Structures are given as C-alpha cells and as structure tokens.
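Hi there,

Here is the structure I promised to pass on. Have a look at it first, and my notes follow below.

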Amino acid sequence: MRIWLDGALRGADSARVSVLDHGLTVGDGVFETLKAVRGRPFALTRHLDRLTRSARGLGLPDPDLDEVRRACAAVLEAEPVEHGRLRLTYTGGVAPLGSDRGDAAPTLIAAVAASPRRPDTTTVVTVPYVRNERSAVAGLKTTSYAENVVALAAAHRAGASEALLANTVGRLCEGTGSNVFVVLGGELHTPPLESGCLAGITRALIVEWTGAKETDLPFEVLEQADEVFVTSSLRDAQAVVRLDGRTLGTGTGPGPVTAEVMRIFEAKAGADLDP
Ligand SMILES: Cc1ncc(COP(=O)(O)O)c(C=O)c1O
C-alpha cells in the first residue's frame, strides 16, 4: 500500500506519524472516506468541501485543497483500485500531551485500499447509545470515532452490518457510519441535519436526485417503516431487509421505493463522477 503523508508518497512501512500527534493522543482530527471507482474518486469536490467544514468546526487551519487533490491523485495512481476506499485524514499535528494544541503544522494523510462492492441488502440493529445533537462537534467528521467503534461492534455481535442511533431527545438520527432513510406511505424521508447526523454526501445526493423529504422523526418510526435503507460513500444506498429481528418486505431484496432510489443513484453517479 502506498500512503501520502505530509507532502510525499511513501510505503506503508515508512509512513509514520509522531506519537505526539494530536490526532492520536486526543482524536483532534477530521477525515473523509471517498469511494474510488476505477482509480478515480467519486464526489471529490463535495468531500473536500466537507473536509474544510469539519476542519473549521474543530478550529484547525483550512486544509490546502490543492495538496489534498494532489495526494488523492498520487495514491490512486499508485493503487488504481477498481472499487475501493480513499481515506483522507487531517489532524492537529504534533502537540502537547493534553487537549491544548501545539504550533506544529497539521498532519495530512491519504491512503487507498480495495474494497468489494457492498451487497444490495443488509441487516441492521438499533442500539441504546445516542448521538448528541448539541455536541460541540455535532455534524463534523472527526477522528473521535470511538463511540461508533463500540456501537458497530455491538451490531456485528448481533449479526448486523450497522447500528442505528437516536439523538438525545429520542429522534431518529443516523448509523455509526451511514445515514438512514425510511419509506412511510410511499414517501421517502430522512432525518434533518438538526438531528445531529453527519451531512452525508450520499444522503445529500439522494435528497437532490429523488426529492426525499428531510423530516424530524421519532426513533420508533423504524418499527413501522415500510422500507428502510442506509447510505454512505461505500454503501451508496443499501436496503435494510432485517431490523432488530423484524423482516422488511420480502426479506430478500430491496422494496420498490428503495429499488428505484438505487437505480437513480447508480445512473446519476455513473454519469458524473463529481456531482
Ligand atoms: C457518522 C456518519 N454518518 C453518515 C455517513 C455517510 O456519509 P457519506 O455519504 O458522506 O459517506 C458517514 C460516513 O462514513 C458517517 O461516518
């Protein structure tokens, strides 16, 4: 694997960051996960915009987007995967041991790894942990993902690929690494950003391309929804066929509304790599 670290392409063994990097010691960093398709990034401009928004939200200097684009191009040229994950990480850099930042320049890392295209359907569970929609970092894609690690591990123990969370006031929010859509009476809904969810790029594209409504919903809506699907850069739209043991639809394939969304997404995303 070849990795871009601080201005140059390196082998995985020689790409090393300091043990004092603030991203490592306190999770003071932001990141992006992009889908790489045939050696090219999908929706790069939107991901770079969000990287800047997340960095500003943490008070980090704006990333040099020309350098980030060079980093993406370099790792993808070194590893032109057919389908994969392009990961950007941008941290506070070397700092004192506590929560205060140092004066060092931020750390920028880009890495790519092949990953198989996800199946069209999946199983999810709900978990009792909540997203804090009033957190200082709500809506930012920070490297402080330990809460998601714990919730995702709980989902895996239950035989599911994703865990869905409410926010602190019991409203539907998102998954550990995905946004969620529900079909109610034939209409498509997804929680609004005020729920505390990440402004997912796949979510935004589906809202734009399908007219899905952004609706504040109780967490219990998951018990009644006719169809549910989750979205992320690597899942695109993925139908949920089992949710906490409840079978949705036939339990074997996407419901009709989800299938149409998947069709639209594939067509539009296939026609424009940077929508
Ligand atoms: C918490 C969270 N919500 C939602 C998403 C989906 O966002 P996107 O569609 O931009 O990948 C992610 C992405 O990994 C995420 O980490």
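**The ligand and its surroundings**

A polar side-chain atom of Arg-50 sits 2.8 Å from an oxygen atom of the ligand. Please keep in mind that this is a predicted model. Ser-233 also brings a polar side-chain atom to an oxygen atom of the ligand, at 2.7 Å. With Gly-177 the backbone is involved: one of its N or O atoms lies 3.4 Å from a ligand oxygen atom.

How much of the ligand does the protein bury? Taken alone, the ligand exposes 390 Å², and the protein buries 94% of that. The space that the ligand takes up is the largest pocket. Strand 9 (172–175), helix 5 (201–210) and strand 13 (227–232) are the elements that each give two or more residues to the shell around the ligand.

In total, 17 residues surround the ligand, and the closest are Tyr-145, Glu-174, Ile-201, Thr-202 and Ser-233. Sorted by class, this shell has 10 polar, 4 charged and 3 nonpolar residues.

**The six-stranded sheet**

There is also an open sheet of 6 strands, in the order 2-1-6-5-3-4 and with antiparallel pairing. Strand 2 (8–11) and strand 4 (40–41) stand at its edges with a single partner strand each, so one side of each has no neighbour in the sheet. Further in, strand 3 (residues 29–37) pairs with strand 5 (residues 83–91) in the antiparallel sense over 9 bridges. If you want a spot to look at in this pair, Leu-34 stands opposite Leu-86 in strand 5.

Best wishes

Technical notes: Residues are numbered from 1 along each chain as its sequence is written. This is a predicted model: local features need pLDDT of at least 70, side-chain atom pairs count only at pLDDT 80 or more; totals for chains, interfaces and linings use all residues. Side-chain values use heavy atoms; hydrogens and water are left out. A residue is near a molecule or strand if one of its heavy atoms lies within 4 Å of it. A polar contact is a pair of N or O atoms within 3.5 Å; within protein, one must be able to donate a hydrogen and the other to accept it, and residues adjacent in sequence count only if both atoms are side-chain atoms. Accessible areas come from the Shrake-Rupley method with a 1.4 Å probe; for residues, only the protein chains shown count as cover. On a 1 Å grid over the protein atoms alone, a cavity is a set of points where a 1.4 Å probe fits but cannot get out, and a pocket is an open set with protein on both sides within 12 Å along at least five of seven lines; lining residues have an atom within 4 Å of a point. A molecule sits in a cavity or pocket if more than half of its atoms lie within 2 Å of its grid points. Helices (H or I, at least four residues) and strands (E, at least two) are DSSP runs, numbered from the N terminus. Ala, Val, Leu, Ile, Met, Phe, Trp, Tyr, Cys and Pro count as nonpolar, Asp, Glu, Lys and Arg as charged, and the others, Gly among them, as polar. Two strands pair if DSSP finds at least two bridges between them.
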